[in-house]
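Please walk through the structure below with attention to how its helices pack and how its strands pair.

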Amino acid sequence: MRWSYRIGRVAGTDIKVHVTFLLLLAWVAYSAFTAGGAAGAIADTAYIVALFGCVLLHEFGHILTARRFGVRTPDVILLPIGGVARLERIPSEPKQELLIALAGPVVTLVIAAALYAVARASGQSPALWPPTLGSGSFAEQLMRINIWLLLFNLVPAFPMDGGRLLRSLLATRIGLVRATRIAGAVGQMLAVGMGLIGLFLPNPILVLIALFVFAGARTETASVENRAASEGIRVAQMMVTQFRTIPIHATLAEATDLLLAGEQREFPVVDNLGRTEGILTRDNLLRGLRERGPQATVGEAMTAPAPTVAPTLPFPDALEKLRASGLPALPVVDAAGALVGLLTMENISELLLVRRAGAAR
């Protein structure tokens, strides 16, 4: 099942909505309908859509600023707890990350100020609190929630904007990796506090946000540490060199014997001249056995053509190619077309663990 769907593309960035966001809209519409009928459902749903439109503008503040520094953003995903813009990399200079992190809150501040001006122009005296539905005009409600989001985003809890601001400031003095560890630890501590408050009130939304912040801080810290550990690595340094291949005309029964004989789970498939024709994964094998039987050939069940990587390819490019393929392993082929290795996610993880352990020491 796909968990996110593209609804548009702006300035080279895909706009996606997560399935849970659609569930949120459905829940808001249903709750409002039971309380106030069709008119209430339309009003509350329009409010949520407008709110997430503001969130999207906030994220494009980050995206367009990042682009000024040569950092692309493949996509931005709308979740029930906000938007997540996926930058292709962390900016090389802490000052650049500082400006990128600030850009989103600045956009939100401008939106809140514009909504305040609209409310004042219509003769209202908008109150800044509380950020709830059903209190004040549409513009006033939207203004209040934007102010709340602005303040919440500036809390120094990584990976929110405040946490990224904290990291960029620390990175100017102690380097990116240590700065990320500190910002990540602060984010996790604040997330635990938010979670306890959410359980005590009780407030399920606050608990959900706390879980997101805690997981995001942990993931970002691990990502930066892995990136630092992989610096300068090429495919030749992380590929498996002791592996077995399987002929394209071998039967699935023979492939099963090969699978059970050792720990290798993915097999490059070669022709009679030793040229790579594809790759047979364990999933390929099991599917082939179910659908075609043990006497079917490997060529009928393999993934072909399988993407290949060069032994000289840098780590980030190789990892991106492996992830994009959706396969657990890729054949490594040199300039002459010879099969020289097998790139697996398991081997990459083990190499990064070793290098991180060495760096920590």
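**Helix packing and strand pairing**

Helices H2 and H3 are roughly antiparallel to each other, a label given to angles over 145 degrees, whereas angles under 35 count as roughly parallel, 65 to 115 as roughly perpendicular and the rest as oblique. The model is a predicted one, in which local features need pLDDT of at least 70 and side-chain atom pairs count only at pLDDT 80 or more, while totals for chains, interfaces and linings use all residues. Residues are numbered from 1 along each chain as its sequence is written, and side-chain values use heavy atoms, with hydrogens and water left out.

Two packed helices are described by the angle between their axes and the distance between the axes. For H2 (residues 94-121) and H3, the angle is about 155° and the axes are 9 Å apart; axes here are lines fitted to C-alpha atoms, for helices over the stretch in contact, with angles running from 0 to 180 degrees between N-to-C directions. Helices (H or I, at least four residues) and strands (E, at least two) are DSSP runs, numbered from the N terminus. The crossing of H2 and H3 is left-handed, meaning that the near helix is turned anticlockwise from the far one by less than a right angle, a clockwise turn being right-handed. From H2, residues including Thr 108, Ile 111, Ala 112 and Leu 115 meet residues of H3, among them Leu 142, Met 143, Asn 146 and Ile 147. By class, the residues of this contact divide into 12 nonpolar, 2 polar and no charged, where Ala, Val, Leu, Ile, Met, Phe, Trp, Tyr, Cys and Pro count as nonpolar, Asp, Glu, Lys and Arg as charged, and the others, Gly among them, as polar.

Two residues of H3 deserve a separate look. Asn 146, in helix H3 (residues 138-153), counts as buried because its relative accessibility is 1%; buried means under 20% relative accessible area, exposed over 50% and partly exposed in between, with a 1.4 Å probe and protein chains only. Not counting residues up to four places away in sequence, Asn 146 touches Cys 54, Thr 108, Ile 111, Ala 112 and Leu 115, contact meaning heavy atoms within 4.5 Å. Glu 140 also lies in H3 and counts as buried, at 10% relative accessibility. With the same exclusion of residues up to four places away, Glu 140 touches Gln 124, Pro 126 and Ala 127.

A second helix pair is formed by H8 (residues 252-261) and H9 (residues 282-291), whose axes come within 10 Å and cross at roughly 140°, so H8 and H9 are oblique to each other. Their crossing is left-handed. Leu 252, Ala 255, Thr 256 and Leu 259 in H8 meet Arg 282, Leu 285, Gly 288 and Leu 289 in H9, a contact with 5 nonpolar, 2 polar and 1 charged residues.

Ala 255 reappears beside strand E5 (residues 246-247), where Ile 246 has its place: leaving aside neighbours within four places in sequence, Ile 246 is in contact with residues including Ala 255, Leu 258, Phe 267 and Val 298. The C-alpha atoms of Ile 246 and Leu 258 are separated by 8.6 Å, with the two residues 12 apart along the chain. At 3% relative accessibility, Ile 246 counts as buried.

Finally, strand E8 (residues 329-333) is largely enclosed by the rest of the structure, because 5 of its 5 residues are buried. E8 runs antiparallel to strand E9 (residues 339-344), joined to it by 5 bridges; two strands pair if DSSP finds at least two bridges between them. Ala 329 has Thr 344 in E9 as its bridge partner. E8 and E9 form a hairpin with 5 residues between them, and Gly 337 in the turn has a positive phi of about 90°.
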